[in-house]
Amino acid sequence: MVAPGAAESFPCDAVGVAVYAGQAALRGAAARVDAALGGALAAALAEEKFEATAAATLVLHTHGRIPARRIIAVGMGAPDAVTAETVRRASAAVVRRAAQAHAAHVALADDDILPADAVGQAQAEGALLGAYRFSRYRRDDGGRVDRLTLLTADTARRDSLQAGADRGRIFAEATLLARDLTNEPPNALPPPALADVAAQLAARAGLRCTILEPAQMQELGMNALLAVAAGSDHPARLIVLEYAPADARRTVALVGKGVCFDSGGLNLKHQDLEWMKADMAGGAAVIATLQALPALRPPVRVVGVVPAVENMPGGRAVKPGDIVRASNGTTIEITNTDAEGRLILADALAYAVRQQPDEIVDLATLTGSAMVALGYLAAAIMGNNQALVDRLLQAASRAGERLWQLPLYDEYLEDMRSPVADLRNSGSSRYGGAQKGAIFLREFVGGRPWAHLDIAPTAFLEKEEGTGPYLPKGATGYGVRTLLYFLNPPDLPNLPDPPHPL
Ligand code: BES
Ligand code: MN
Ligand code: ZN
């Protein structure tokens, strides 16, 4: 994917070059291309009054004057504000513009405003994420970029650019896998099929994989999980994937909500139903993250746990008023069958605790309340350990995935107590719904350092609102890159072991 070469001499259908706002002259690859074209790029930018705002594009045909058939100039905003996210968005914008123009082979010129590994990773991530479409079920339509080259004319930057690009490609492809799993319609991926796909991915990547069936869950006392599955003809699965390198210094458990379809159950939903195939986005993110780890080789044991169920109303469906005993002994009065995510996560978290993890991170499309609070622009994070939350916030910021902390006051638990059981699964009002869901989950983590990401706001986008150069409508794959940056921190290879409260 990385090739030696310069934008002005490389043959391809389109080459992307960076243009900065508020600058009198072009710099880097844009300047060299402009010189080779006798000033035609600068002239076109001036005629179009191109302001180089972030991710704005301008296409210029070269008519054989240089080997690239088109230049796609992309705005970067002001040079002193450039981050990896600027490069990611710009790269995605170039690739999307190229696809519209039916340009199949796209090259992106190196931009030495950032270190080469950061540029390579951000270009690969942005380009691959931006090119994504969920097209399995469609006759192909429109243009498609099928070849990407990252160009650098500077031999000193080539190896780092390549290393960054390799990493970016792994991060992006894992994200695309999560998007695909989430976009799959619910008739194609009921819980047993999701488990089969996870097992295949694990075998291909070289992960340990254990799939629990309902009889085994019953033996383990996972009655909260089984209660949610009871209304569906598709049986539940508990998917457990394990990456265990010989040099592991700590264990992280990743738990992902895998509701393959959330009808609400007997508390039947009356809106958003066509999006409830995406209620397994947290589980998809966990599976996609795990299968990427062997290629990245972080020195951390990672156990992924995905409870997979379908939440349906049926003759045997769980009923409001039912009381179940979860596998950690806690009894739960089920006051709303649509608050099913926390029920399956209760047993999945208790299972994760038995793996002796140093840290637990769960991802779940848990509440509409998180969407009310944040819109489509950020997921919510809450936890019982600020150091862990801080590291996840930092990883998310590196990934360009917005994450915002909400408070987890102990008092939220008061509204989750039941007069007839230890807990109830829904509170008395809508207020503080995301926090009340999180505080319920906290009861199942055995006091270990834990963070909960409520990804309902960001897991899928129903409209243009919230989409950007590399986010499509539909599933976004949110969380995969945050988890990968969290498990593979770029400049902190020797993180001290996190504090353990036990
Ligand atoms: N899967 C939903 C949350 C959701 C809603 C995600 C819309 C994405 C878009 C979850 O299972 C749910 O129904 N939560 C309820 C909880 C309530 C009954 C306590 C909610 O948020 O309304
Ligand atoms: Mn629900
Ligand atoms: Zn749900």
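Is K49 buried or exposed? K49 is exposed, at 68% relative accessible area, where exposed means over 50%, buried under 20% and partly exposed in between (1.4 Å probe, protein chains only). The model looked at here is predicted, so local features need pLDDT of at least 70 and side-chain atom pairs count only at pLDDT 80 or more, while totals for chains, interfaces and linings use all residues. Residues are numbered from 1 along each chain as its sequence is written, chains are lettered from A and ligands numbered from 1 in the order in which they are written, and side-chain values use heavy atoms, with hydrogens and water left out.

K49 sits in the loop between helix 2 (40-47) and strand 3; helices (H or I, at least four residues) and strands (E, at least two) are DSSP runs, numbered from the N terminus. There is a twist in its backbone: K49 has a positive phi of about 50° although it is not a glycine. Most residues other than glycine have a negative phi. D272 also has a positive phi, of about 65°, and is not a glycine either. The loop that holds D272 runs between strand 10 (258-262) and helix 9 (281-296), and D272 is partly exposed there, at 33% relative accessibility.

Next come two residues from one loop. H63 belongs to the loop between strand 3 and strand 4, and at 70% relative accessibility H63 is exposed. Its C-alpha atom is 72 Å from that of R325, with the two positions 262 residues apart along the chain. R65 is found in the loop between strand 3 (57-61) and strand 4 (70-75). With a relative accessible area of 46%, R65 is partly exposed. Once residues up to four places away in sequence are set aside, R65 touches L37 and A40, contact here being heavy atoms within 4.5 Å. The C-alpha atoms of R65 and G38 are separated by 9.4 Å, and the two residues are 27 apart along the chain.

Two other arginines are tucked away in loops. R157 lies in the loop between strand 6 (147-152) and helix 5 (158-183), and with 11% relative accessibility R157 counts as buried. Its side chain reaches the backbone oxygen of L114 at 3.0 Å. Leaving out neighbours within four places in sequence, the contacts of R157 are D110, D111, D112, L114, P115, A116, V119 and T152. R250 occupies the loop between strand 8 (237-243) and strand 9 (251-256). R250 is buried, its relative accessible area being 11%, and its side chain makes a polar contact of 2.7 Å with the side chain of E359. A polar contact is a pair of N or O atoms within 3.5 Å; within protein, one must be able to donate a hydrogen and the other to accept it, and residues adjacent in sequence count only if both atoms are side-chain atoms.

Now for the ligand. Of the 19 residues around ligand 1, K269, D279, D338, E340 and G368 come nearest, a residue being near if one of its heavy atoms lies within 4 Å. An N or O atom in the side chain of K269 is 2.8 Å from an oxygen atom of ligand 1. A nitrogen atom of the ligand is 2.9 Å from an N or O atom in the side chain of D279. For D338, a polar side-chain atom lies 2.9 Å from an oxygen atom of ligand 1. Taken alone, ligand 1 exposes 530 Å², and the protein buries 83% of that (accessible areas by the Shrake-Rupley method, 1.4 Å probe). The space taken by ligand 1 is the largest pocket. On a 1 Å grid over the protein atoms alone, a pocket is an open set of points with protein on both sides within 12 Å along at least five of seven lines, and a molecule sits in one if more than half of its atoms lie within 2 Å of its grid points.

D338 also serves as a reference point for D180: the two are 158 residues apart in sequence and 25 Å apart in space, C-alpha to C-alpha. D180 is found in helix 5 and is partly exposed, at 31% relative accessibility. Apart from neighbours within four places in sequence, D180 is in contact with Y132 and F134.

That leaves helix 14. Eight of the eight residues of helix 14 (residues 480-487) are buried, so this helix is largely enclosed by the rest of the structure. The buried residues are V480, R481, T482, L483, L484, Y485, F486 and L487.

Key:
On a 1 Å grid over the protein atoms alone, a cavity is a set of points where a 1.4 Å probe fits but cannot get out, and a pocket is an open set with protein on both sides within 12 Å along at least five of seven lines; lining residues have an atom within 4 Å of a point.
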